Amino acid sequence: MDAEYETACRTWALAADLRPAAVAFPRTPDEAIDVVRQAAADGLRVAPIGTGHGAYSFGDLSDTVLVRTNRLSDYQIDPGAGTVRVGAGAIWVPLIDMLGEYGLAVLHGTAPTGGIVGHTLGGGIGWYGRSRGLAANSVTAVELITADGELVRIDANHDPELFWALRGGGGANFGLVTALEFTPEPIRTAYAGVLVWDLREAERVLPRWVEWTASVPDAVTSIYRQVQYPLVPEIPDLLRGRKLVVVDGAVLGSDAEAEAIMAPLRELRPKWDTFRRVPARSLSRLHNDSEQPSTGGLRSALLGALPSAALDQLLSVTSDSSLVVTAELRQLGGALSRPAPGGGVLNRLDGEFLLFAGGVATGPERARTIADHDRTLEAMAPWFANRSYLNFAQQAVDPATGFDPGAWQSLLRIRRRVDPYGVFRANHEIPRV
């Protein structure tokens, strides 16, 4: 296989084995238009992809041109007008740093080098989610190339039906997105950090954290993790080989309010406590997600309420695991659970928690690791919510499970209207039938 082709196929998800018919790297919207038109003329499909965090869920791409949007990565901010415009290949860190100079923030995720377009149009949850809701609902305009090779601007006044579908339905189901516009938030600082215990404290910390999440205000967003750091050089000395419980989070409020909110967790006497007043821009690295391409893989599921039996089950299955590096619960609710006025197709999430099981997923250990992930989710199946969050579904799932039935029927109809011949291909594809 040609070495240049191999490099072109390699995304952030290193264990994803993508074998498209061809790979294109357009530098301008006009070049992207040429790619779409030529692919359609040759009877090929088009799969737009940015960083490739969601590349695992693609199937056979042998009839598809993979369009890498990395070079469409411009950033434009107008703090006076309160608008942001980014190219399709833009990632979070540069934008977060630029906006921080003006005391502004965006609804970014926990991965600092994650792609803005994929995160946002797939829904988008992050450190301000319970206060501000899903990132998709902050979008004010989408620029995309249609199936017939035309560059159009979609917003509330220009094809509002498609604008609704794009915000949560994923851009690649309807076209090749070249740029997004959205509204930033006036957030300069937050009270944020991490609390850390040894893993043997999980039986004390997990029930307390779940109880705490039921009482905290919407100003709080937090994540509970059980982490087993491997003995590899890439891990910092302080963490390498350790087995820990970590609660990280952010509070939008005064120091006094935040300290009162955090008190029930601090009563458990964490060995490390870094919560303090910090610039909002620092939250991009709070979760310590990898900033480099990774062989990691994960399984995820939306969960409802977690009674004590559910917590006992999670503790049991993860304590018996030798391969799951991270078992994680993300706190939902608040604005994430309320329909956003004028929002898109995914304007809320049905669930109280989002469960991850993740770890190294390559080489001879890959099959065992994925089996371990699956075993963790199977153990928690009695508490699954009725929906999937497709942004974090790295395995193939029924995309209809990401939406309520009425919204799904509308998405099917809109997909047929804007791409009747199936030019475009998404990792979680809305079918044309």
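Modeller: A crossing is left-handed if the near helix is turned anticlockwise from the far one by less than a right angle, and right-handed if clockwise. In this predicted model, H7 passes H8 in a right-handed crossing.

Colleague: Nice! At what angle do H7 and H8 pack?

Modeller: Helix H7 (residues 202-213) and helix H8 (residues 255-266) pack at about 155°, their axes lying 9 Å apart. H7 and H8 are therefore roughly antiparallel (angle over 145 degrees). Helices here are DSSP runs (H or I, at least four residues), and strands are runs of E, at least two.

Colleague: Which residues of H7 and H8 meet?

Modeller: From H7 come Arg208, Trp209 and Trp212, and they meet Ile261, Met262, Pro264 and Leu265 of H8, with heavy atoms within 4.5 Å.

Colleague: What about Glu257, buried or exposed?

Modeller: Glu257, found in helix H8, counts as partly exposed because its relative accessibility is 48%; buried is under 20%, exposed over 50%. Between the C-alpha atoms of Glu257 and Tyr191 there are 9.6 Å in space, with 66 residues in sequence.

Colleague: Switching to H3: which residues are buried there?

Modeller: In H3 (residues 92-100), Trp92, Val93, Leu95, Ile96 and Leu99 are buried. They fall within an arc of 165° seen down the axis, so they line one face of H3.

Colleague: And what covers the buried residues of H3?

Modeller: The cover includes strands S4 (75-78), S5 (83-87) and S8 (176-182), along with helix H4 (116-121).

Colleague: Any ground rules?

Modeller: Residues count from 1 along each chain as its sequence is written, and side-chain values use heavy atoms, leaving out hydrogens and water. Local features need pLDDT of at least 70, side-chain atom pairs 80 or more, while totals for chains, interfaces and linings use all residues.

Technical notes. Buried < 20%, exposed > 50% of the residue type's maximum accessible area, 1.4 Å probe, protein only. Arc of directions from axis to C-beta. Axes fitted to C-alpha atoms, helices over the stretch in contact; angles between N-to-C directions. Parallel < 35°, antiparallel > 145°, perpendicular 65-115°, else oblique.
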